[in-house]
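Please walk through this structure by way of two loop residues, a nonpolar core and a pocket.

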Amino acid sequence: MHQIEHNNRRYELDWLRVMVFGLLIFYHIGMLYVADWGFHYKSEHQSHFLQNLMLLLNRWRLPLLFLISGVAIRFILDKVTWYRFIGLRSIRLLVPLFFGILVIVPPQLYVEMTANGDLNMSYWSFYKAFFDLEHPLFENYQAGILPHMDVNHLWYIRELWWFSLFMLPLSFILKLSFIDRIISLLAWRNSFLVLLFAPIIVLSIVDFTFLPSSGEGRRIWMGFTFLIVGYLLAKNHPVWESIRINRHKLLLAALISYALLIYFYHTYFIIRTESAVGWDLLLEITFGYFSRWSWVLVVIAYSSHYLQKNNPKLEYLNEAVYPYYILHQSILIVAAFVLASYNLGPVIEPTLIILITFLGCALGFALIRRVKVLRFLFGLKWHQ
């Protein structure tokens with residue numbers, strides 16, 4: 001979750017981290033308006049066409065975040081002892097996670113239950129009932145980590161903590177020199193085809209052979225896989241350079257993968273099916289990794305070419321990412337719920353929600369960064 005820290009700093013990954021979390025805010029605002037996709041609250045102004053724009057981000061935004069986190073873990077583990085690593089990750093991930101579950105996330109459930117007609121009370125009355133895990137009020141909302149208490153959009157923090165623990169023993173293997181030599185084959189003679197397709201083939205075969213055809217297990221596998229990829233690529237400069245050099249070819253591959261994604265989504269629904277078996281399942285898995293990997297590569301490639309530079313604002317933005325991420329979804333859902341009664345239409349309403357969300361996050365961060373207790377609760381360093 002935290003920025004890359006090493007001597008030969010890859011500033012493009014810091015920039016990417018900021019940009020991807022910024023896109024995540026727009027993506028979650030889009031979830032209010034995209035038709036047929038479930039969310040905690042939906043606006044009455046929904047669009048099927050918006051699905052096409054959402055799919056452009058949907059396949060690669062989380063894999064890229066996990067890859068960046070893998071790079072960060074590699075450099076952190078090279079600098080600190082294993083027990084300090086566990087302590088640091090636990091404090092800066094679990095504290096914000098528990099605080100978020102108990103304080104930040106509940107307004108989302110309040111809006112969801114009210115919009116569904118299952119709640120008619122003040123937020124304060126709801127919030128007091130929220131801490132009663134056996135309260136009948138939440139009988140139909142029992143899908144959380146503790147009956148009705150859930151992580152919602154903060155699941156990324158939870159899984160990043162688990163992944164960090166798994167990486168400790170795995171890192172002793174991944175640091176072996178022969179592993180690095182194998183990874184270097186991706187840059188063999190700047191081979192574009194090896195760089196693009198070798199990881200896709202390997203990941204697809206492992207996925208098809210060992211994982212269930214659907215469910216949360218596949219999402220966890222995807223996140224952990226790209227975290228490992230980031231860890232392996234972190235210090236392999238020939239591969240980074242190969243990615244940068246092949247940026248134009250990678251862009252073409254990514255655009256082809258997007259065109260195919262739209263075609264399959266609207267024609268055969270292969271990407272959305274949960275009943276695919278045999279060759280259909282293998283096709284779905286392989287195509288999914290083609291879409292993810294090609295876009296992850298092209299975003300890294302162009303950022304490596306254009307964003308390998310520091311900026312006085314980068315440190316501020318890097319620190320702002322975490323509080324913005326924790327705050328944004330509750331702000332936008334509450335804003336959408338309140339604005340719905342004003343019938344502002346499909347242009348003014350989302351525009352105001354965007355402004356309110358970013359302004360709310362900015363004001364929240366302005367307070368958080370100045371108050372030590374809040375810095376701790378939001379996973380920031382105690383001292384600026």
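Helices here are DSSP runs of H or I with at least four residues, numbered from the N terminus. The model is a predicted one.

Start with the loop that joins helix H6 (123-130) and helix H7 (155-174), where His148 is found. Is His148 buried or exposed? His148 counts as buried because its relative accessible area is 4%, and the cut-off for buried is under 20%. The side chain of His148 reaches back to H6, coming to 2.6 Å from the backbone oxygen of Phe130. Phe130 is also one of the residues in contact with His148 once neighbours within four places in sequence are left aside. The others in that set are Leu109, Ala129, Asp132, Leu133, Phe138, Tyr141 and Gln142.

Ile145 is found in the loop between H6 and H7 as well. With a relative accessible area of 42%, Ile145 is partly exposed, since that class lies between 20% and 50%. Not counting residues up to four places away in sequence, Ile145 touches Ile101, Asp150, Val151 and Arg158. How far apart in space are Ile145 and Ala187? Their C-alpha atoms are separated by 43 Å, with the two positions 42 residues apart in sequence terms.

Next comes the nonpolar interior. In soluble globular proteins, nonpolar side chains tend to be buried together. The largest nonpolar core in this model has 124 residues, and the members that touch the most others are Leu64, Phe126, Leu196, Leu250, Trp293 and Tyr325. Helix H13 (residues 278-306) gives the most to this core, contributing 13 residues. Trp293 is in contact with Leu67, Leu195, Leu196, Pro199, Ile200, Phe226, Val229 and Leu233, neighbours within four places in sequence aside.

Two of these contacts of Trp293, Pro199 and Val229, reappear at the second largest pocket, where Ile183, Pro199, Val202, Val229 and Leu232 are the lining residues nearest the centre. Rolling a probe the size of a water molecule over the atoms shows where empty space is left. In the second largest pocket that space comes to about 520 Å³. Which elements give two or more residues to its lining? They are helix H8 (177-184), helix H9 (192-210) and helix H10 (216-233). H10 has the largest share, with seven residues. The lining consists of 20 residues in total, of which 19 are nonpolar, one is polar and none is charged.

How values were computed:
Residues are numbered from 1 along each chain as its sequence is written. This is a predicted model: local features need pLDDT of at least 70, side-chain atom pairs count only at pLDDT 80 or more; totals for chains, interfaces and linings use all residues. Side-chain values use heavy atoms; hydrogens and water are left out. Buried means under 20% relative accessible area, exposed over 50%, partly exposed in between (1.4 Å probe, protein chains only). A polar contact is a pair of N or O atoms within 3.5 Å; within protein, one must be able to donate a hydrogen and the other to accept it, and residues adjacent in sequence count only if both atoms are side-chain atoms. Contact means heavy atoms within 4.5 Å. On a 1 Å grid over the protein atoms alone, a cavity is a set of points where a 1.4 Å probe fits but cannot get out, and a pocket is an open set with protein on both sides within 12 Å along at least five of seven lines; lining residues have an atom within 4 Å of a point. Grid points are joined across faces, edges and corners, and a volume is the space filled by probe spheres set on the points. Ala, Val, Leu, Ile, Met, Phe, Trp, Tyr, Cys and Pro count as nonpolar, Asp, Glu, Lys and Arg as charged, and the others, Gly among them, as polar. A nonpolar core is a set of buried Ala, Val, Leu, Ile, Met, Phe, Trp, Tyr and Cys residues joined through side-chain atoms within 4.5 Å.
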